[in-house]
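Hi,

Here is the structure I promised to pass on. Have a look at it first, and then read on for what turned up in it.

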Amino acid sequence: MKINTIKILTFGAVALFSAIGCTNDFEEYNQEKLGGPENFYADFYAIVDPMKSIQRGLQADYQRYPNLSADMYSGMFSTATPFNGGVNNLTYSMVDDWNSKLIAKQQDIFNYSIIIDNTAKVTYKGVDFTGTFAVKKILKVITAARVADSHGPVVYSKYETPNANGVTDFDSQEQAYNYFIADLTAAINDLQKVIATPATESVEDKSALKKADLVYGGSMIKWAKLANSLKLRLAMRMSYADPAKSKQYAEEALSSSAGLITENTDNALISVGQSELSFIIYTYGDCMIGAPLMAYMNGYKDPRLSAYAIPATDTQVQGKFIGIRQGIDLLNGKTTYGGFSQPQAKAASGDYFSSTDGKLKLFTAAETWFLKAEAALRGYAGAGDIKTNYQTGVQQSFGEWGKSADVGSYLANATDTEAPYVDPKNAANNINAGDSQLSTITIAWNDADSNERKLERIITQKWLSLYPNGPEAWAEQRRTGYPILFKVRKNDSGGAISTEAMIRRIPYTISTKTSLYNYQQALQMLDGPDTGGTKLWWDKKL
């Protein structure tokens, strides 16, 4: 067993702000690292390189976060490795070191953002980077939203403005979401302004983004679509906590001239080079496929199954697709469960888990259509037809994974449901037919169903399409209660987390409690104790 230690450069707060405070030293640093003035003025490397680091940083320390938390809690992944003697995040015993990496990742990314801001002021005086800075703003929202959706209150709007005593305040999750929406809206407006300029204008801005962009290769039109699609995602996340604002923001996104990501050609995938999952799965053997994901896909006879997982090699289940249930006694670890199915992600556009050309999935067309389906279910203006949106979401997902030829028969399937789970190593882990932990939802759309059953159908298929985006899948499962997942059998939380309600958030860690962040303020903003059992602001349904 091994915990991945690959990490982007972390700047200590003192060193960072010292460098920023001394402009001569800052420019000298840039020239020393990047070459003479003619180099970084012509190619904008002093902005391009940290912009690339921000994007790649979203997968840094991937094993600790999200793989050993959100990925597992989503039901998509599991492990055969009994980390910490089998008492760890998966059994609801929160491992402080693992969980500290989420905020550390945000700090790295936000510090790179500060470096870019100061580089522009010092090194590239007079150059207008409106479009590039809009993209940077979108990336910061993506980063901070993941922190908020795991912890709750987040340091966002005040990150660069500590109090006089040096302590930095949090935003409540509700405040943060409104800031996220405002910043995405501003980014869309800025991008559209640059898009509207003649080809002979904003040349430096367009050139810098083209060199720095690991997602769209400099297409501001596609970045505007991504920002607007993210706005729709966050608006729907607020649906139970603030229905009025959810409706307002969603309808703004649905009517925006920026458009939405509705085709797979616009999918937001960061080109990360080596996917960290490539060695977490295939070298370390620390990540396996989740039992709930395989139970749904086996039950539905889902053609995407071979793109998502590798058949088991264990002699008892050889050739089958079988996952590992989370929160169980792993017995002898990999010796017992190491031959179950491993994850893979063989999309039509390439291998997301490649060791040389990996992709980190941020947002795809399928998600947009499922968001629109839910918005239509809730009666939001401009959302379109529920059934059409739902079916188009499935069609786009099948297209993403190269299975379009099979989508017609899949959508017509009105009988198949999630399959029971049989663990050949320990029958105590079985989920038998009729168990409440198995969903009865089918695939084919049924207008006669209740709205709640329609919601379960939409979110279950959305969850299947989100793979391998564990953080987003976990957030939606907590918000809606769907898909129905298997509960842990081994709960080591000491009563802090309910086995029935399942984990609702990740507690703050020692590094945050002892930092210059206003932890006591964050505690007051939580609607309960700082444990994994306390619900987040938007978690209002169940």
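Before anything else, a word on elements: helices (H or I, at least four residues) and strands (E, at least two) are DSSP runs, numbered from the N terminus. With that in hand, you can place threonine 442: it sits in the loop between helix H20 (407–411) and helix H21 (451–466).

Two notes on where the values come from. This is a predicted model, where local features need pLDDT of at least 70 and side-chain atom pairs count only at pLDDT 80 or more, while totals for chains, interfaces and linings use all residues. Residues are numbered from 1 along each chain as its sequence is written, and side-chain values use heavy atoms, with hydrogens and water left out.

Now the whole chain. It has 24 helices and six strands. Its C-alpha atoms fill a box of roughly 70 × 50 × 45 Å along the principal axes. How does the radius of gyration agree with that of a compact globule? For 542 residues, such a globule would have a value near 24 Å, and the chain has 23 Å, so the two agree. (That radius is taken over C-alpha atoms, and the globule rule is 2.2 Å times the number of residues to the power 0.38.)

Next, what is inside and what is outside. Buried means under 20% relative accessible area, exposed means over 50%, and partly exposed is in between (1.4 Å probe, protein chains only). Buried residues make up 60% of the 542 in the chain. The chain exposes about 19,300 Å², and carbon and sulfur atoms supply 50% of that. Those areas come from the Shrake-Rupley method with a 1.4 Å probe, and for residues only the protein chains shown count as cover.

Contacts come up a lot below: a contact means heavy atoms within 4.5 Å. Of the contacts in the chain with a separation of 6 or more, 76% are between residues 24 or more positions apart.

In soluble globular proteins, nonpolar side chains tend to be buried together. A nonpolar core here is a set of buried Ala, Val, Leu, Ile, Met, Phe, Trp, Tyr and Cys residues joined through side-chain atoms within 4.5 Å. The largest one has 152 residues, and Ile138, Phe180, Trp223, Leu293, Tyr390, Ile458 and Tyr467 touch the most other members. Leaving out residues up to four places away in sequence, tyrosine 467 touches a list of residues including Met76, Phe77, Leu293, Tyr308, Phe353 and Trp401. Apart from the largest core lies another, of 16 residues, among them Ala291, Ala312, Leu330 and Ile431.

Back to threonine 442: is it buried or exposed? It is buried, because its relative accessible area is 13%. Beyond its neighbours within four places in sequence, threonine 442 is in contact with Tyr300, Ala414, Thr415, Asp416, Thr417, Arg453 and Arg457. Its C-alpha atom is 49 Å from that of isoleucine 116, with their positions 326 residues apart along the chain.

Isoleucine 459 is in helix H21. At 1% relative accessibility, it counts as buried. Neighbours within four places aside, isoleucine 459 is in contact with Glu374, Glu476, Arg479, Thr480, Tyr482 and Pro483.

That last pair leads to the backbone oddities. Most residues other than glycine have a negative phi, and most peptide bonds are trans. Here, the bond from tyrosine 482 to proline 483 is cis, with omega near 0°, and proline 483 lies in the loop between helix H22 (470–480) and helix H23 (510–513). The bond from tyrosine 65 to proline 66 is cis too, with omega near 10°; proline 66 is in helix H5 (residues 63–67).

Which residues have a positive phi without being glycine? Serine 202 has one of about 55°, and leucine 331 has one near 55°. Serine 202 is in the loop between helix H10 (173–195) and helix H11 (203–212), and it counts as partly exposed, at 23% relative accessibility. Leucine 331 lies in the loop between helix H16 (305–308) and helix H17 (334–337); at 41% relative accessibility, it is partly exposed.

Cheers
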